[in-house]
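Colleague: Please take one loop of this model and go through it closely, then place it in the rest of the chain. State the cut-offs as you go.

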Amino acid sequence: MTDLYSLSIGFANISTIVLCIVLKVPQIISLVKSKSTTGLSLPGTLLELTSFTIGLCYSVSSGYALSSYLEYPFLVGQDLLLLALVLHYSNQIGTKWFAAFGAYSAVVYALTSGMFPGALLVTLMSLCTPISAASKLAQLRTMHASQNSESVSVLTWSIAVYTCVTRIFTTLDRGFDAPLLANYSVSLILNLAIIFLALKLRRPSKKVKKTE
């Protein structure tokens, strides 16, 4: 029984990491093909990047095993690429964004190298849940406002649902880490909501033909 449990934990860790390596790839491909950001939220992407970055810095600073958060570097990298594409296709790339990236890199280095007290990262991690939730609510709002989800990859959000479930499982195995569990649980619910709305908006509208 113990061996089966250990295998389950191992499978959850490995499958999560593998899927997170390609999590945003379907969304990136969809965006490149459509060359349109309709239905995609720039504020949502920025907030999601912030949430992933905090999760990465928190896990590194806490000294967790690399296998328990290895997906974060890939998630951060993919979100940075997605952000660049969103800015490109919405004609918003400029000097201020390069300056912002420089400041972002400096903050990440400072947080992961121990330049700030651990209590700050605990506080940031507690804010990670509302930040992550806000990113998904922004995505839901953008889709609802545009009534268009053609540029939104349902596959990406489906993978996100799976990884939330596996990370709840692996986090409980380490112990009861309330900030992480709250973050994954809220993300799971909102990821499902995004999938539901995206699929709903893609249904062909039923038009009643008037008989003459």
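**The loop after helix α6**

Modeller: N148 is partly exposed, with a relative accessible area of 24%; partly exposed covers the range between buried (under 20% relative accessible area) and exposed (over 50%), with a 1.4 Å probe and protein chains only. The model is a predicted one, in which local features need pLDDT of at least 70 and side-chain atom pairs pLDDT 80 or more, while totals for chains, interfaces and linings use all residues. Residues are numbered from 1 along each chain as its sequence is written, and side-chain values use heavy atoms, with hydrogens and water left out.

N148 sits in the loop between α6 and α7. Helices here are DSSP runs of H or I with at least four residues, strands are runs of E with at least two, and both are numbered from the N terminus. The side chain of N148 has a polar atom 2.8 Å from the backbone nitrogen of E150. The cut-off for such a polar contact is a pair of N or O atoms within 3.5 Å; within protein, one must be able to donate a hydrogen and the other to accept it, and residues adjacent in sequence count only if both atoms are side-chain atoms.

Once neighbours within four places in sequence are set aside, N148 is in contact with T38, G39, M143 and L201, where contact means heavy atoms within 4.5 Å. The C-alpha atoms of N148 and S36 are 11 Å apart, with their positions 112 residues apart along the chain.

S149 belongs to the loop that runs between α6 (118–146) and α7 (154–174). S149 has a relative accessible area of 2% and is therefore buried. Its side chain reaches the backbone oxygen of A198 at 2.8 Å. A198 is also among the contacts of S149, together with M143, L201 and R202, when neighbours within four places are left aside. M143 and L201 appear in the contact list of N148 and in that of S149.

Q147 is placed in this loop between α6 and α7 as well. Q147 has a positive phi, near 55 degrees, and is not a glycine. With a relative accessible area of 49%, Q147 counts as partly exposed.

K35 also has a positive phi without being a glycine, at about 50 degrees. K35 lies in the loop between α2 (25–34) and α3 (42–62). Its relative accessibility is 54%, so K35 counts as exposed.

Helix α6, which precedes the loop, has A138 and T129 as two points to inspect. A138 is buried at 17% relative accessibility, and its C-alpha is 6.4 Å from that of S41, although the two are 97 residues apart in sequence. Beyond its neighbours within four places, A138 is in contact with S41 and G44. T129 is buried too, with a relative accessible area of 14%. Not counting residues up to four places away, T129 touches P179, A182, N183 and V186.

On the other side of the loop, I168 is found in helix α7. Its relative accessible area is 19%, so I168 is buried. The C-alpha atoms of I168 and Y184 are 6.3 Å apart, for a separation of 16 residues in sequence. Y184 is one of the residues in contact with I168 outside its neighbours within four places; the others are L181, S185 and L188.

Now the chain as a whole. It has 8 helices and 0 strands. Its radius of gyration is 19 Å, close to the 17 Å that the globule rule gives for 212 residues, so the chain is as compact as a globular protein of that length; the radius is taken over C-alpha atoms, and the rule is 2.2 Å times the number of residues to the power 0.38. Along its principal axes the C-alpha trace spans about 70 × 55 × 25 Å.

Of the 212 residues, 43% count as buried. Among contacts between residues at least 6 apart in sequence, 83% join residues at least 24 apart. The accessible surface is about 11500 Å², and 69% of it belongs to carbon and sulfur atoms; areas come from the Shrake-Rupley method with a 1.4 Å probe, and for residues only the protein chains shown count as cover.
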